[in-house]
Amino acid sequence: MYRLIKPLFFKFDPEKVHYFVVQRLKWFHEHFPLGKTIIRSSFDIHIKGLEREVFGIKFRNPVGLAAGFDKNGEYVEALSDLGFGFIEVGTVTPLPQPGNDQPRMFRLTEDEAIINRMGFNNKGVDTLAERLRVLKLKDKSIVIGGNIGKNKNTPNEDAVSDYVKCFDRLFDVVDYFVVNVSSPNTPGLRALQEKGPLTLLLKTLQERNHKDGISRPILLKIAPDLTNEQLDDIVEIVMEAGIAGVIATNTTIDRSGLTTAAEIANEAGGLSGKPLTARSTEVIRYLSQKSNKAFPIIGVGGIHSPQDAKDKIEAGASLVQLYTGFIYEGPGIVKRICKALVE
């Protein structure tokens with residue numbers, strides 16, 4: 001069915017279509033209990049062999065939704081009906097911000113890719129925290145990750161304070177944290193991946209990572225554009241800071257090998273989708289081998305098929321996440337990946 005309606009969706013602005021679809025999915029979830037049951041029976045999958053325990057959290061399956069799809073935690077319940085084993089919300093910042101000017105999302109259909117320069121558009125951490133608090137009171141079974149960042153106007157020397165504010169505010173309502181210093185769409189953000197500032201940031205969060213005897217797994221999301229020497233530093237920093245693991249990878253600024261017309265392919269922003277498939281898997285394999293599998297890795301980037309997901313798991317990922325592949329392949333891809341992993 002998705003193959004029939006996808007060409008219609010792709011005729012319109014991708015950001016507008018995104019909100020059109022998720023808002024109606026949420027409305028359907030809230031107003032039609034029978035319809036919700038039908039969606040769950042169509043897309044969800046419950047097979048014992050799919051269960052995973054990673055960094056102390058039990059996942060009903062290893063296929064998650066990546067950050068950016070639901071920045072404000074508005075659609076978590078409806079999206080969970082589609083079979084995801086976990087959902088990552090954000091990136092969220094301490095204060096609300098509108099993000100970059102529109103248009104800021106572009107389809108590269110020939111390459112099955114997307115360029116976005118959203119710029120951490122979100123309603124602020126207080127709004128997200130309250131929404132997740134209500135959600136957790138209703139349903140504690142949904143595993144939720146909180147992806148945190150800094151406001152655009154916060155200088156890098158004060159960035160730690162922004163991450164701490166988000167961390168403290170979300171501590172009681174998420175199951176794990178993701179530190180996002182790798183988006184190319186906030187000026188200067190990627191400079192925080194350098195060894196000194198990154199070590200300080202992660203150590204600061206880890207020192208605060210306890211409340212009433214509880215701690216939350218902290219993961220670091222990295223760019224695919226890092227050199228091997230920088231990846232070596234990442235391994236050392238993760239081990240030194242004592243955080244739980246890594247998400248590999250974020251979007252890329254590389255434009256090599258694209259077939260889409262240059263006026264679209266050269267738009268500023270981060271590229272995701274099939275052009276990232278091989279590189280993200282390569283980064284996963286390098287980190288896994290270099291660290292001797294010392295920490296879990298969530299693999300994300302260019303997963304458009306069950307084989308793509310299996311390749312990332314074979315390279316060393318414990319879990320995988322979808323975003324662009326979910327848009328191009330439709331919601332059925334979650335179930336197809338899960339079935340393939342069991343087989």
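This briefing walks through the strands, a helix, the cores and a few selected residues of the structure above. The model is a predicted one. At its centre of interest here is a closed barrel of 8 strands with parallel pairing, and a separate topic below is an open sheet of 3 strands with antiparallel pairing. The largest nonpolar core has 97 residues, and two residues, R190 and S291, get a section each for their polar contacts.

**The barrel**

- Going round the closed barrel, the strand order is β3-β4-β7-β8-β9-β10-β12-β13, and the pairing is parallel.
- From one strand to the next, the twist averages 25°.
- Strand β8 pairs with β7 through 4 bridges, and the two run parallel.
- Within that pairing, V179 of β8 is the bridge partner of I148.
- Strand β8 also pairs with β9, again in the parallel sense and over 4 bridges.
- Here F177 has I218 of β9 as its bridge partner.

**How β8 is enclosed**

- Is β8 buried on one face or on both faces? Both faces are covered, with Y176, V178 and N180 buried on one side and F177 and V179 buried on the other.
- Because 5 of the 5 residues of β8 are buried, this strand is largely enclosed by the rest of the structure.

**Helix α7**

- Helix α7 covers residues 195-207, which makes 13 residues.
- From first C-alpha to last, α7 reaches 18 Å, close to the 18 Å expected at 1.5 Å a residue.
- The buried residues of α7 are L198, T199, L201, L202, T204 and L205.
- What covers these buried residues of α7? The elements include three strands, β7 (144-148), β8 (176-180) and β9 (218-222), along with the helices α6 (159-170) and α8 (228-241).

**Nonpolar cores**

- In the largest nonpolar core, of 97 residues, those with the most contacts inside it are F55, Y163, L170, I222 and L287.
- Apart from this core lies another, of 7 residues, with F106, L108, I115 and A265 among them.
- Leaving aside neighbours within four places in sequence, Y163 touches a set of residues that includes I148 and V179, which are also bridge partners between β7 and β8.
- The contacts of Y163 also include L201 and L205, both of them buried residues of α7.
- The rest of the Y163 contact list is G149, K150, N180, V181, L189 and L192.

**R190 and its polar contacts**

- R190 sits in the loop between β8 and α7.
- With a relative accessible area of 19%, R190 falls under the 20% cut-off and therefore counts as buried.
- The side chain of R190 has a polar atom 2.8 Å from the backbone oxygen of S182.
- That side chain also reaches the backbone oxygen of T251 at 2.8 Å.
- A polar contact of 2.8 Å joins the side chains of R190 and D225.
- Beyond four places in sequence, R190 is in contact with V181, S182, S183, P184, A223, P224, D225, T251, T252 and I253.
- R190 and Y163 are 27 residues apart in sequence, and their C-alpha atoms are 14 Å apart in space.

**S291**

- S291 is found in the loop between α10 (277-290) and β12 (297-300).
- Is S291 buried or exposed? S291 is buried, with a relative accessible area of 10%.
- A polar atom of the S291 side chain lies 2.7 Å from the backbone oxygen of L287, and L287 is one of the residues with the most contacts inside the largest nonpolar core.
- S291 and H31 are 260 residues apart along the chain, and 48 Å separates their C-alpha atoms.

**The open sheet**

- The open sheet has the strand order β5-β6-β11, with antiparallel pairing.
- β5 (105-108) and β11 (270-273) stand at the edges with a single partner strand each, so one side of each has no neighbour in the sheet.
- On average, and with direction ignored, neighbouring strands of this sheet are turned by 25° against each other.
- Strand β5 is joined to β6 (residues 113-116) by 4 bridges, and the two run antiparallel.
- Which residue of β6 does M105 stand opposite? M105 stands opposite N116.

Key
Residues numbered from 1 in each chain as written. Predicted model: local features only at pLDDT ≥ 70, side-chain atom pairs only at ≥ 80, totals over all residues. Heavy atoms only, no water. Expected span 1.5 Å × (residues − 1). Buried < 20%, exposed > 50% of the residue type's maximum accessible area, 1.4 Å probe, protein only. Contact = heavy atoms within 4.5 Å. Core = buried A, V, L, I, M, F, W, Y, C linked by side-chain atoms within 4.5 Å. Pairing = 2+ DSSP bridges. Axes fitted to C-alpha atoms, helices over the stretch in contact; angles between N-to-C directions. Polar contact = N/O pair within 3.5 Å; in protein donor to acceptor, adjacent residues only side chain to side chain.
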